[in-house]
Amino acid sequence: MLRVENLSSGYHKDINVLNGVSLEVKKGTITSVLGPNGSGKSTLLKTIYGYLKPFSGRVIYNGEDVTNLPPHEKIKKGIAYISQEHGIFHSLTVEENLKAGMWIYRKNKELVKEKLKAVYDRFPILKEKRNVKAGFLSGGQQKLLQFSVALLSNPELILVDEPTAGLSPIASEEVYEILKELKREGKTILLVEQNLRKAIEVSDFAYVLELGKIRYGGDREDFERGLKRILSVWGFEL
Ligand SMILES: Nc1ncnc2c1ncn2[C@@H]1O[C@H](COP(=O)(O)OP(=O)(O)OP(=O)(O)O)[C@@H](O)[C@H]1O
């Protein structure tokens, strides 16, 4: 579904954060990108989504070269992005955030109502808090709202950047459950996650990124062999 070919990218000309990254995300899978802090995981998602223009390389989505499409065009193609911190407006209520996310459907009142109902059926807590400003929600509830806004466009592929960063263990568990549920619904997920044990548990494939290069890639059985050793070199326990 998604193929990243030899992607190089960064924030300043001449300073590469990604140095020729290649990877593949198969339809219906959860694929993780793991790696130490600063290895370029977030930069990779931002480049795939179009927030950053790559220096070289290509992003192929469903056979089409989408390398230079900006984010709003990526959404139309069926790609969504859930960033670490952004994506919701703290001064707007839950419902206002959802409505803002449905701006393009605003004239179709029935559709807006239907989509709101779908969100509230999936996450009843958001219905309960629909008139609360997003900034007053707990970290876990804000994450649910972020997922809900991203899902409004009915994406096929969701890029998710460290969804459990700063969350309590209980809220994190809820996020992993959402990821598994989305996979069961047929969505494809490219995940950057700090909790290696959990990332591997929910993933079909994983790649290890180090200093802007893919050092390793494999499926869950491979994790047990090579990957465990690589991760232990960084001092991570699995
Ligand atoms: N907006 C920015 N401007 C300049 N440099 C940046 C910017 N964002 C990240 N970088 C640099 O790019 C490199 C990779 O950062 P990135 O956030 O992609 O890493 P990461 O693997 O996601 O790390 P973490 O796990 O800490 O989030 C780092 O050296 C970082 O300092």
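**Sheets and helix packing in a predicted model**

Ile60 stands opposite Asp65, a residue of strand β5. This pair offers a point of entry into a model that is predicted rather than determined by experiment. Strand β4, which spans residues 56-61, is joined to β5 by two bridges, and the two strands run antiparallel. Both belong to an open sheet of four strands, ordered β2-β1-β4-β5, in which the pairing is antiparallel. The edges of this sheet are formed by β2 (18-25) and β5 (64-65), each of which pairs on one side only.

Before the description proceeds, the confidence of the prediction should be stated. The chain has an average pLDDT of 90, and 95% of the residues score at least 70. For the complex, the predictor gives an ipTM of 0.92 and a pTM of 0.91. Where pLDDT is low, the predicted coordinates should not be read in detail.

A further open sheet contains six strands in the order β6-β7-β8-β3-β9-β10, and its pairing is mixed. Its edge strands are β6 (79-82) and β10 (213-219), each pairing on one side only. From one strand to the next, the twist averages 15°. Within this sheet, β3 (residues 30-34) and β9 (residues 205-210) pair in the parallel sense over four bridges. One position in that pairing can be located by residue: Ser32 has Ala206 of β9 as its bridge partner.

Helix α1, comprising residues 41-49, lies across β3, β6, β7 (157-161), β8 (188-192) and β9. Relative to β7, helix α1 runs at about 150°.

The helices also pack against one another. Two packed helices are described by the angle between their axes and the distance between the axes. For α6 (residues 139-151) and α7 (residues 169-184), the angle is about 15° and the axes are 9 Å apart. Because angles under 35 degrees count as roughly parallel, α6 is roughly parallel to α7. The crossing in which α6 passes α7 is right-handed. On the α6 side, Gly139, Gly140, Lys143 and Phe147 take part, and they meet Ala171, Glu174, Val175 and Ile178 of α7. By character, the residues of this contact between α6 and α7 divide into four nonpolar, two polar and two charged.

Helix α6 has a contact with α3 as well. The axes of α3 (residues 94-101) and α6 come within 9 Å and cross at roughly 25°. This angle also falls under the limit of 35 degrees, and α3 and α6 are therefore roughly parallel to each other. Their crossing is right-handed. Helix α3 contributes Val94, Asn97, Leu98 and Gly101 to the contact, while α6 contributes Leu145, Ser148 and Val149. The residues of the contact of α3 with α6 comprise four nonpolar, three polar and no charged.

Helix α6 thus links the two packing arrangements: Lys143 and Phe147 are among its residues that meet α7, and Leu145 and Ser148 are among those in the contact with α3.

Definitions and conventions: Residues numbered from 1 in each chain as written. Predicted model: local features only at pLDDT ≥ 70, side-chain atom pairs only at ≥ 80, totals over all residues. pLDDT = per-residue confidence, 0-100. Axes fitted to C-alpha atoms, helices over the stretch in contact; angles between N-to-C directions. Parallel < 35°, antiparallel > 145°, perpendicular 65-115°, else oblique. Left-handed = near helix turned anticlockwise from the far one by under 90°. Contact = placed C-beta atoms within 7 Å. Nonpolar A, V, L, I, M, F, W, Y, C, P; charged D, E, K, R; others polar. Pairing = 2+ DSSP bridges.
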